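Me: Could you take a close look at one part of this protein for me? I'd like to hear about the strands that pair with each other, and about any enclosed space.

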Amino acid sequence: MQRKLVLCLAATAALAACKQEAAGPAAAQPAPAAAPAHAFASAINAADFGELVKTLASDEFEGRAPGSRGEDLTVNYIRDQMQRIGLQPGNGDSWFQDVPMTETTADPGTVLKIQRGDNQQQLAFGTDMVIGSRRGESEIKIDGSDMVFVGYGVDAPEQNWNDYADQDWTGKTVVMFVNDPGFHVGDAKLFDGKRMTYYGRWTYKFEEAARKGAAAALIVHDTAGAAYGWDVVKNSWGGPQYDLPASEDKEPRLQAQGWLSAEAARKLFADAGLDLDKAYKDANKRGFKPVPLQAKLSLDLKSTIAQKKSRNVVGVLPGSKRADEAVLYMAHWDHLGKHEDEEGDNIYNGAVDNATGVAGILEIADAMAHQETAPERSVVFLAVTLEESGLLGSQYYVNHPTFPLDKIAGVINIDAMSVNGRARDMTVTGYGSSELEDILKPLAAEKGRTLHAETSVQSGFYFRSDHFNFAKAGVPALYADGGEDLIDGGVEAGKRAAEAYGKDHYHGPKDEYDAATWKVDGAIEDLELLYGVGKQLAGGDAWPNWYDGNPFKANRDAMMKARGSEAAK
């Protein structure tokens, strides 16, 4: 049985009565009544969703940048909404989980020096390359590091592919291509064909180079392979960069990592007597061997370092029977803040990305907290920080979970919901990954909707949102929303809307709440479906896994086996 919840009653305005002289001025008018607070219903609905998004994406919240006044307003608002709904603090007796972060700002005057015999080439920051360090050190010096081209920089035993060829890479600088083997030559037989695997993601390439013992790694940029232009790389790597402290990372970190522009890479290869276009072809052949670039790299990278912190917000609805087991909903609350140095509208409100996701998990929390039959498993509602800075808030939570990872039955992530109206389909990013899709599919079918993968499978979107940290650890995760075949206008209308958002709104000041143009009926239907997945999972005892062949299945199998062994003792 659903009931209305009211945040607070409208304040009754006091009437100021002024005694008037017989010949005095007209009596003063009473002060206007304060606007009534929004009355929230427990059912998922457009009015409540719109109210939450409008507040989170308001100018008052200043673009929700971590470490800012906007963060304080945001996390306190989310906490207040969780309290209103009836959740309990999800991190012990606290609603918050502090996330330590290292802020590193590289000197934009940094140059890369490439020495080949008596000739030295200098690459400028932003124009020819971008460079940074995750070590949290104010100065990184590399002197005369041998540069070697390592193809795609992939070591994938299950694919029988190793670009590093068992050599000693200690102290060397590796240069590599972005995306997967097979991508640039259109070979569908290599890796997953057009679909990017994690081996194609730039984060993996730096991680693998560090594991091999390299001093530095540089990725050759190309727009098709990266799925964005050089300006995106330049803007993303300029200014402050955030990371978890090195103490939070079990993996080694490179001294320096960055990107080469296509033009700078072409010259680097040409000076070594290599043709870049031919190198792309050679790197896509099995048995590729690393190629020395006959050059040495030197670098003096100075950075300004600051230790700061941000906060995840965690609420929990305790389970009625198996409270030690959990289903987890998540969304990132952070966005890009206020850009003081820009004229005009300089607040990057992040309405779609990702006020919609936070509003979404709150709406689902409200519905689940007031459903007729209480969930048997606990349900965690997690609003994470620092997604825009490398998925750091979710990474920290996975390192410090409030429920053991082997007790989390599944994760449902909501990031940048569609506000383009109802659709005949539903996009599952990373479609074909886990058995959570087996729960979603019949629910969607009841609404006349079909599931499919994202259109741009080569862009690696599955690896670019917070569920991915859970996936890497082995916990099955679902990332689904929206659709491309709109009821009003079909596929063409869906494509136009997506392109318009990407061109005019994404990561810009125009990503604002717009009640006049937004069509949130589709978002509401999406939320009802995602609520249905969690309701079924929290109300039962199933343990969904990754599909066979998924690279994350081994970690899930191992953790569940270990849990079974422990329980048998």
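Reply: Here is a walk through the paired strands, then a helix, then the cavities.

A quick word on the ground rules: this is a predicted model, where local features need pLDDT of at least 70, side-chain atom pairs count only at pLDDT 80 or more, and totals for chains, interfaces and linings use all residues. Residues are numbered from 1 along each chain as its sequence is written, and side-chain values use heavy atoms, with hydrogens and water left out.

Let's start at β19, residues 377-384. Strands here are DSSP runs of E with at least two residues, helices are runs of H or I with at least four, and both are numbered from the N terminus. Eight of the eight residues in β19 are buried, meaning under 20% relative accessible area (exposed is over 50%, partly exposed in between; 1.4 Å probe, protein chains only).

β19 pairs with β15 (residues 291-317) in the antiparallel sense over five bridges; two strands count as paired if DSSP finds at least two bridges between them. In that pairing, V316 has V380 of β19 as its bridge partner. β19 also pairs with β16 (residues 322-332), this time parallel and over eight bridges. There, A326 is matched with S378.

A326 turns up again, with I408 of β20 as a bridge partner. β16 and β20 run parallel, joined by five bridges. Strand β20 (residues 408-413) has six of its six residues buried, so the rest of the structure largely encloses it. β20 carries on to β23 (residues 477-481), a parallel pairing over three bridges, in which V411 stands opposite A477.

Now for helix α13, residues 521-539: its 19 residues reach 27 Å from first C-alpha to last, close to the 27 Å expected at 1.5 Å a residue (the expected span is 1.5 Å times one less than the number of residues). Because 14 of those 19 residues are buried, α13 is largely enclosed by the rest of the structure.

What about empty space? There are two cavities of 30 Å³ or more. A cavity is a set of points, on a 1 Å grid over the protein atoms alone, where a 1.4 Å probe fits but cannot get out, and lining residues have an atom within 4 Å of a point. The second largest holds about 30 Å³, and its lining includes G522, A523 and D526. The largest holds about 40 Å³, with W202 and Y228 among its lining residues.

Terms used:
1 Å grid on protein atoms, 1.4 Å probe; cavity = no way out; pocket = protein on both sides within 12 Å on 5 of 7 lines; lining within 4 Å. Points joined across faces, edges and corners; volume = space filled by probe spheres on them.
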